[in-house]
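Student: I would like to test the labels on this model one by one. Where shall we begin?

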Amino acid sequence: MPDHPHPPAAENNVIVRVCAAGFTSGELDWPGTWTDRAGRDRTPCVPGHELSGVVAELGLCDGSDVPGRGGF
């Protein structure tokens, strides 16, 4: 799978470096996989859910999540 551009962390968001994710073949048919609620194209996107990873970057937030902390 190709790498995708790394977005900056927005306010009250974190960037998570994903280590594992669940994926079902049905996701290929879910409209929300390929378009947003307004019908705009979301590609390239990476289907998957139930992520596990490590906090890589904090947006402006309360600091309760810290870079390098794992979770699922």
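Tutor: Start with Ala9. Its relative accessible area is 18%. Keep in mind that the model is predicted.

Student: Why is Ala9 called buried?

Tutor: Buried means under 20% relative accessible area. Ala9 has 18%, so Ala9 is buried.

Student: Where does Ala9 lie, and what is Ala9 in contact with?

Tutor: Ala9 lies in the segment before E1. Leaving aside neighbours within four places in sequence, Ala9 is in contact with Ile15, Glu57, Leu58 and Gly59. Ala9 and Ala56 are 47 residues apart along the chain, and their C-alpha atoms are separated by 9.4 Å.

Student: Take Ile15 next. What makes Ile15 buried?

Tutor: The relative accessible area of Ile15 is 14%. The cut-off for buried is under 20%, so Ile15 is buried.

Student: Which element holds Ile15, and which residues is Ile15 in contact with?

Tutor: Ile15 is in strand E1. Setting aside neighbours within four places in sequence, its contacts are His6, Pro7, Pro8, Ala9, Val54, Val55, Ala56 and Glu57. For Val54, the C-alpha to C-alpha distance from Ile15 is 8.6 Å, at 39 residues apart in sequence.

Student: Why is Val18 called partly exposed?

Tutor: Val18 has a relative accessible area of 43%. Buried is under 20% and exposed is over 50%; 43% falls in between, so Val18 is partly exposed. Val18 is in strand E1, residues 14-22.

Student: What surface patch does Val18 help to make?

Tutor: A nonpolar patch of about 240 Å², made by Val16, Val18 and Leu51. A patch residue needs over 30% relative accessible area, and Val18 has 43%, so Val18 meets that condition.

Student: How do you know that Arg40 and Asp36 meet in a salt bridge?

Tutor: Their side chains are 2.7 Å apart, N to O. The limit is 4 Å between a side-chain nitrogen of Lys or Arg and a carboxyl oxygen of Asp or Glu, so the pair qualifies. The structure holds one salt bridge.

Student: Are the two partners buried, partly exposed or exposed?

Tutor: Arg40 has 55% relative accessibility; that is over 50%, so Arg40 is exposed. Asp36 has 26%; that is between 20% and 50%, so Asp36 is partly exposed.

Student: How do you know that Glu27 has no salt bridge?

Tutor: The nearest side chain of opposite charge is Arg42, 8.9 Å away. A salt bridge needs 4 Å, so Glu27 has none. Glu27 is buried all the same.

Student: What does the side chain of Glu27 reach?

Tutor: The backbone nitrogen of Thr24, at 2.9 Å. The limit for a polar contact is 3.5 Å, so the distance fits.

Student: Where is Glu27, and which residues is Glu27 in contact with?

Tutor: Glu27 is in the loop between E1 and helix H1 (31-34). Beyond its neighbours within four places in sequence, Glu27 is in contact with Gly22, Thr33, Trp34, Pro47, Gly48 and His49.

Student: What makes Leu60 exposed?

Tutor: Leu60 has 64% relative accessibility. Exposed means over 50%, so Leu60 is exposed. Leu60 lies in the loop between strand E2 (49-58) and strand E3 (70-71).

Student: Which residues is Leu60 in contact with?

Tutor: Ala10, Glu11 and Asn12, leaving aside neighbours within four places in sequence. The C-alpha atoms of Leu60 and Glu11 are separated by 4.7 Å, and the two residues are 49 apart along the chain.

Student: Now the whole chain. What is its secondary structure, and in which pattern?

Tutor: One helix and three strands. Along the sequence the pattern is β-α-β-β.

Student: How much of the protein chain counts as buried, and how much area does the chain expose?

Tutor: Of its 72 residues, 12% count as buried. The chain exposes about 5,700 Å², and carbon and sulfur atoms supply 56% of that.

How values were computed: Residues numbered from 1 in each chain as written. Predicted model: local features only at pLDDT ≥ 70, side-chain atom pairs only at ≥ 80, totals over all residues. Heavy atoms only, no water. Patch = residues over 30% accessible without salt bridge, like charges linked within 9 Å, V, L, I, M, F, W, Y side chains within 5 Å. Areas by Shrake-Rupley, 256 points an atom, 1.4 Å probe, with all protein chains shown as cover. Helix = DSSP H or I, 4+ residues; strand = E, 2+ residues; numbered from the N terminus. Buried < 20%, exposed > 50% of the residue type's maximum accessible area, 1.4 Å probe, protein only. Contact = heavy atoms within 4.5 Å. Lys, Arg positive; Asp, Glu negative; His and termini not counted. Polar contact = N/O pair within 3.5 Å; in protein donor to acceptor, adjacent residues only side chain to side chain.
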